[in-house]
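User: I am new to this structure and would like a close look at a single part of it. Please take me through that part slowly, with its surroundings.

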Amino acid sequence: MTATCTNLDKPGFVCVKMDMGEEKEVVSLGTLSKKMDDFAKARDWEKYHSPRNLLLAMVGEVGELSEIFQWRGEVERGLPDWKEEDKVHLGEELSDVLLYLVRLSDVCGVDLGKAALRKLELNAIKYPAPKQTDHCVGEHSSDNTKLTEDN
Ligand SMILES: [Mg+2]
């Protein structure tokens, strides 16, 4: 990602210019956080949103997410064989998990976006990418084209 801007036509969305020049509309964690806070306040549910309750609710949603994959065996990336209604259901359960995770982070005072970026950096240090050589690039390229460091 190289740049961001606010999309005035779609509140809550930001457009992000990707490295290859492509623009994508994305929803920020901050937007989700604010909407979850507004949702809870409007229903006077803040008293129920303790860290423990939110964690247990999130774990319950992980169970619902797991049920979607249960008994299907391994599935292909992109889920090409799934019915549209199953993909919609998957999106709903993934959202439930994300929303509880965002809310849990907020009530614990953790900036989830910053924490996640920091964790990615720590993971990169812990699991450094292998230095690509002509030999290993050639072995893993799908078309067997030998790449050089100039590519
Ligand atoms: Mg659910």
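How are helix 1 and helix 3 oriented to each other?

Analyst: It helps to begin with the whole chain, which is seen here in a predicted model. The chain has five helices and three strands, and from the N terminus on these elements run β-β-β-α-α-α-α-α. Of the 151 residues of the chain, 5% count as buried. Among the contacts that join residues at least 6 apart in sequence, 44% are between residues at least 24 apart.

Now to the pair you asked about. Helix 1 covers residues 29-42 and helix 3 covers residues 84-107, and the two pack with their axes 9 Å apart at an angle of about 80 degrees. Because an angle of 65 to 115 degrees counts as roughly perpendicular, helix 1 and helix 3 are roughly perpendicular to each other. On the side of helix 1 the contact is made by Leu29, Leu32, Ser33, Met36 and Asp37, while helix 3 brings Leu99, Val102, Arg103 and Asp106. Sorted by character, the residues of this contact of helix 1 with helix 3 divide into five nonpolar, one polar and three charged.

Helix 3 itself deserves a closer description. With 24 residues at 1.5 Å a residue, helix 3 should span 34 Å, and its end C-alpha atoms are 35 Å apart, which agrees. The buried residues in helix 3 are Tyr100, Val102, Arg103, Leu104 and Asp106, and these buried residues of helix 3 pack against helix 1, helix 2 and helix 4. Just after helix 3 comes Gly109, whose phi is positive, near 75 degrees.

Another neighbour of helix 3 is helix 2, and here the arrangement can be described in the same terms of angle and distance. The axes of helix 2 and helix 3 come within 9 Å and cross at roughly 160 degrees. That angle makes helix 2 roughly antiparallel to helix 3, and the crossing of the two is left-handed. From helix 2, the contact is made by Pro51, Leu54, Leu55, Ala57, Met58, Glu61, Val62, Glu64, Leu65 and Ile68, and from helix 3 by His89, Leu90, Glu93, Leu94, Asp96, Val97, Tyr100, Leu101, Arg103, Leu104 and Val107. The residues of this contact of helix 2 with helix 3 divide into 15 nonpolar, one polar and five charged. Arg103 is among the residues that helix 3 brings to its contact with helix 1, and Arg103 is also among those that helix 3 brings to its contact with helix 2.

Helix 2 covers residues 51-69, and its 19 residues at 1.5 Å a residue should span 27 Å; the end C-alpha atoms of helix 2 are 28 Å apart, which agrees. Asn53 is found in helix 2, and with 16 C-beta neighbours inside 10 Å, Asn53 counts as partly exposed. Although Asn53 and Leu104 are 51 residues apart along the chain, their C-alpha atoms are separated by 8.9 Å.

The loop between helix 2 and helix 3 holds two residues with backbone angles worth noting. Most residues other than glycine have a negative phi. Trp71, which follows helix 2, has a positive phi of about 75 degrees although it is not a glycine. The place of Trp71 is in the loop between helix 2 and helix 3, and with 5 C-beta neighbours inside 10 Å Trp71 counts as exposed. Leu79 lies in the loop between helix 2 and helix 3 as well; phi of Leu79 is near 50 degrees, again a positive value in a residue other than glycine. Leu79 is exposed too, with 12 other C-beta atoms within 10 Å.

On the other side of helix 3 in sequence, helix 4 covers residues 112-126, and its 15 residues at 1.5 Å a residue should span 21 Å; the end C-alpha atoms of helix 4 are 20 Å apart, which agrees. Helix 4 is hardly covered, since the count of buried residues among its 15 residues is zero.

To return to your question, helix 1 and helix 3 are roughly perpendicular to each other, whereas helix 2 is roughly antiparallel to helix 3.

Notes
Residues numbered from 1 in each chain as written. Predicted model: local features only at pLDDT ≥ 70, side-chain atom pairs only at ≥ 80, totals over all residues. Helix = DSSP H or I, 4+ residues; strand = E, 2+ residues; numbered from the N terminus. Buried ≥ 20, exposed ≤ 12 C-beta atoms within 10 Å, placed from the backbone. Contact = placed C-beta atoms within 7 Å. Expected span 1.5 Å × (residues − 1). Axes fitted to C-alpha atoms, helices over the stretch in contact; angles between N-to-C directions. Parallel < 35°, antiparallel > 145°, perpendicular 65-115°, else oblique. Nonpolar A, V, L, I, M, F, W, Y, C, P; charged D, E, K, R; others polar. Left-handed = near helix turned anticlockwise from the far one by under 90°.
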